Structures are given as structure tokens and as C-alpha cells.
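Colleague: I have just opened this one and don't know my way around yet. Can you walk me through it?

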Amino acid sequence: MKLKLFLLACLTGLFSMVYAQNPVVKEQKPVVKYRYCEIIVPNGVVYKGSVEVDFGQEIRWFKSRRLQDENGRTIRFNSVVDALNYMGDLGWEFQNTYILKSGETTTELHYVMRQTVQPEI
């Protein structure tokens with residue numbers, strides 16, 4: 001009986017040493033980060049391509065929030081869907097929309113979009 005208990009204790013110690021040297025490592029899921037932007041349609045209607053995009057930048061008196069091409073010309077959109085498709089082509093995905101209304105006639109449409117940010121290595 002003592003021999004069986006002794007062998008059992010030795011085997012238990014052996015298995016615990018092997019497990020301690022090779023611990024099971026759980027894989028950590030990468031943290032997904034996003035950045036957001038907002039397409040703003042003043043007065044609720046796209047008039048002469050008037051769509052603004054807010055990336056969270058500081059607003060200055062002389063600087064517009066309209067998108068510009070590589071030559072510095074304002075990008076004009078035919079409709080809100082045209083602007084959403086353009087942003088989708090750049091990797092942004094639609095998240096939400098809301099309306100801001102001030103007074104009887106002034107309405108602003110806001111479209112919130114997000115883009116996945118690659119984690120830094």
C-alpha cells in the first residue's frame with residue numbers, strides 16, 4: 001500500500017513539473033481601434049456639392065471642412081449617397097445618422113462613419 005502511495009505521489013509530482021515547464025498560453029485577441037468622422041449636410045440638402053466632413057480637427061475661421069483633392073480643389077458631391085460612397089471607397093463604414101434641427105426651417109443631417117485603425121507593432 002505504501003508503495004502505491006509513493007508511486008502515485010511521484011507520478012503526480014512528475015506531471016506537475018512537466019505542466020509547470022510548459023504552461024498553457026491563451027492567445028490574446030488584438031484590440032480593435034477605430035477612428036471616426038462625420039459627414040455634415042448643412043440645411044439638409046446637398047447644394048452645389050456642399051458637404052462638410054468633420055474628422056475632429058480644430059475649426060478655424062478661414063479653413064473649410066470640405067474635402068479637397070490633391071490639387072487643393074474642393075471635391076463636390078451630387079448627393080449624400082455620393083459622399084457616402086466616396087468615403088466607403090476610402091475605407092470608412094457607415095455607423096449612424098442623426099438630424100439637428102434649429103428653428104422651423106434649418107436642418108442639418110449628420111452621418112457618423114468609422115474606420116479601423118491598424119494596431120502599432
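Colleague: Let me start with a single residue. Is Phe55 buried, exposed or partly exposed?
Modeller: Phe55 is partly exposed, at a relative accessible area of 41%. Keep in mind that this is a predicted model.

Colleague: Which ring does Phe55 pair with, and how is the pair arranged?
Modeller: Its partner is Trp92. The ring centres are 5.8 Å apart and the planes meet at 55°, so the pair is tilted.

Colleague: Where do those two sit in the chain?
Modeller: Phe55 is in the loop between strand E2 (52-54) and H2, while Trp92 is in the loop between H2 and strand E3 (93-102). The pair therefore ties together parts that are 37 residues apart in sequence.

Colleague: And Trp92, buried or exposed?
Modeller: Trp92 is buried, with a relative accessible area of 9%.

Colleague: Let me step back. What elements does the protein have, and in what order?
Modeller: There are 2 helices and 4 strands. Starting at the N terminus, the order is α-β-β-α-β-β.

Colleague: How much of the protein is buried?
Modeller: Of its 121 residues, 23% are buried. The accessible surface is about 10,300 Å², and carbon and sulfur atoms hold 57% of that.

Colleague: What share of the contacts links residues 24 or more positions apart?
Modeller: Such pairs make up 49% of the contacts with a separation of 6 or more.

Colleague: Now the inside. Which residues touch the most other members of the largest nonpolar core?
Modeller: Ile39, Met87, Tyr111 and Met113 do, in a core of 17 residues. The elements giving two or more residues to this core are E1, helix H2 (80-89) and strand E4 (106-117). H2 gives the most, with 4 residues.

Colleague: Pick Met113. What does Met113 touch?
Modeller: Leaving out residues up to four places away in sequence, the contacts of Met113 include Ile39, Leu84, Met87, Trp92 and Phe94. Arg35, Glu93 and Gln95 are also among them.

Colleague: Glu93 has a charge. How many salt bridges are there?
Modeller: The count is 1 salt bridge. Arg114 forms it with Glu93, and the closest N and O atoms are 3.4 Å apart.

Colleague: Why does that pair tie together separate parts of the chain?
Modeller: Arg114 is in strand E4 and Glu93 in strand E3, so the bridge ties together parts 21 residues apart in sequence.

Colleague: How accessible are the two partners, Arg114 and Glu93?
Modeller: Arg114 is buried, with a relative accessible area of 18%. Glu93 is partly exposed, at 38%.

Colleague: On to the outside. Which residues make the nonpolar surface patch?
Modeller: Val32, Tyr34 and Tyr36 make that patch, which covers about 290 Å². Val32 is in the loop between helix H1 (2-21) and strand E1 (33-41).

Colleague: How accessible are Val32, Tyr34 and Tyr36?
Modeller: Val32 is partly exposed, with a relative accessible area of 48%. Tyr34 is partly exposed at 32%, and Tyr36 is partly exposed at 47%. A patch residue needs over 30%.

Colleague: Back to rings, then. How many aromatic pairs turn up in the whole structure?
Modeller: The search finds 4 aromatic pairs. One of them is Tyr34 with Tyr36: the ring centres are 6.5 Å apart and the planes are at 55°, so that pair is tilted.

Key. Residues are numbered from 1 along each chain as its sequence is written. This is a predicted model: local features need pLDDT of at least 70, side-chain atom pairs count only at pLDDT 80 or more; totals for chains, interfaces and linings use all residues. Side-chain values use heavy atoms; hydrogens and water are left out. Patches are made of residues with over 30% relative accessible area and no salt bridge: like charges are joined within 9 Å, nonpolar side chains (Val, Leu, Ile, Met, Phe, Trp, Tyr) within 5 Å. Accessible areas come from the Shrake-Rupley method with a 1.4 Å probe; for residues, only the protein chains shown count as cover. A salt bridge is a side-chain nitrogen of Lys or Arg within 4 Å of a carboxyl oxygen of Asp or Glu. Buried means under 20% relative accessible area, exposed over 50%, partly exposed in between (1.4 Å probe, protein chains only). A nonpolar core is a set of buried Ala, Val, Leu, Ile, Met, Phe, Trp, Tyr and Cys residues joined through side-chain atoms within 4.5 Å. Contact means heavy atoms within 4.5 Å. Rings of Phe, Tyr and Trp (its six-membered ring) pair if their centres lie within 6.5 Å; planes under 30 degrees apart count as stacked, over 60 as edge-to-face and the rest as tilted.
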